[in-house]
Amino acid sequence: MTVTQTTPVTTEETEQAPTRTDLCAAGPRRHPRPDGQDRYTISEVVAFTGLTAHTLRWYERIGLMAHVDRSHTGQRRYTNRDLDWLDLVGKLRLTGMPVADMVRYAELVRAGENTYGERHALLEATRRDVLDRIAELRDTLAVLDRKISFYADAGPQQPH
């Protein structure tokens, strides 16, 4: 899920209310290169993320990723921010969120702060779905545990 970090806004001798920054990743993470030196080729991003080059191009084509900068030769150049976004997309995929909803979320992010309410609602619905799936998995695990216990108590074990 997206993490909101509160950071103070500083001006000369003036104290203002903190601003909220919507971080793309689950939390602070180390990037392979520092900001400003973060120009990654598609093959480097493939190595970092485990995604295929085809998947990265598809994400861009369907609007799941914002436009990726290009070098003077036309090669894609990804940034740390892109890596953070891909990390979030991976988390959303794990929730079972449909691709159409992920694309909608990406559109809302690009549309700006006035979409916070809609983003919140979309993530809340996804959270409810995840909690339902967790409950189903716990029930399934309980059935497996009972079966395993039954067979463990039933007699001689078969060789592995």
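**Exercise 1. Contacts along the chain**

Task: Among contacts with a separation of 6 or more, what share comes from residues 24 or more positions apart?

Solution: Take the contacts in the protein with a separation of 6 or more. Pick out those between residues 24 or more positions apart. They account for 50%. Keep in mind that this is a predicted model.

**Exercise 2. Elements and surface**

Task: Which pattern do the helices and strands follow along the sequence?

Solution: Start with the inventory: five helices and six strands. Now read along the sequence. The pattern is β-β-β-β-α-α-β-β-α-α-α. Next, turn to burial. The protein has 160 residues, and 28% of them count as buried. Last comes the accessible surface, about 11400 Å². Carbon and sulfur atoms hold 53% of that surface.

**Exercise 3. The two faces of α2**

Task: Why do the buried residues of α2 lie on the same side of the helix?

Solution: First find the helix: α2 spans residues 53-62. Its buried residues are Thr-55, Leu-56, Tyr-59 and Glu-60. They cover an arc of only 140° around the axis, so they sit on the same side of α2. Then look at the face turned away from that buried side. There you find the exposed residues His-54 and Arg-61. Now ask what the buried residues pack against. Their partners are two helices, α1 (42-49) and α3 (80-95), and two strands, β5 (69-70) and β6 (76-77). Finally, step just past the helix. Gly-63 has a positive phi of about 90°.

**Exercise 4. The span of α4**

Task: How far does α4 reach from its first C-alpha to its last?

Solution: Locate α4 at residues 99-111 and note its 13 residues. The expected span, at 1.5 Å a residue, is 18 Å. The model gives 18 Å, close to that expectation. Next, list the buried residues of α4: Met-102, Val-103, Tyr-105, Ala-106 and Leu-108. Then move on to what follows the helix. That is Gly-112, with a positive phi near 110°.

**Exercise 5. A nonpolar patch**

Task: Is Leu-144 buried or partly exposed?

Solution: Place the residue first. Leu-144 belongs to helix α5, residues 116-154. Its relative accessibility is 46%. Buried would require under 20%, and exposed over 50%. Leu-144 therefore counts as partly exposed. Now look at its company on the surface. Leu-141, Leu-144 and Ile-148 form a nonpolar patch. Together they have about 300 Å² of accessible area.

Methods:
Residues numbered from 1 in each chain as written. Predicted model: local features only at pLDDT ≥ 70, side-chain atom pairs only at ≥ 80, totals over all residues. Heavy atoms only, no water. Helix = DSSP H or I, 4+ residues; strand = E, 2+ residues; numbered from the N terminus. Buried < 20%, exposed > 50% of the residue type's maximum accessible area, 1.4 Å probe, protein only. Contact = heavy atoms within 4.5 Å. Areas by Shrake-Rupley, 256 points an atom, 1.4 Å probe, with all protein chains shown as cover. Arc of directions from axis to C-beta. Patch = residues over 30% accessible without salt bridge, like charges linked within 9 Å, V, L, I, M, F, W, Y side chains within 5 Å. Salt bridge = Lys/Arg side-chain N within 4 Å of Asp/Glu carboxyl O. Expected span 1.5 Å × (residues − 1).
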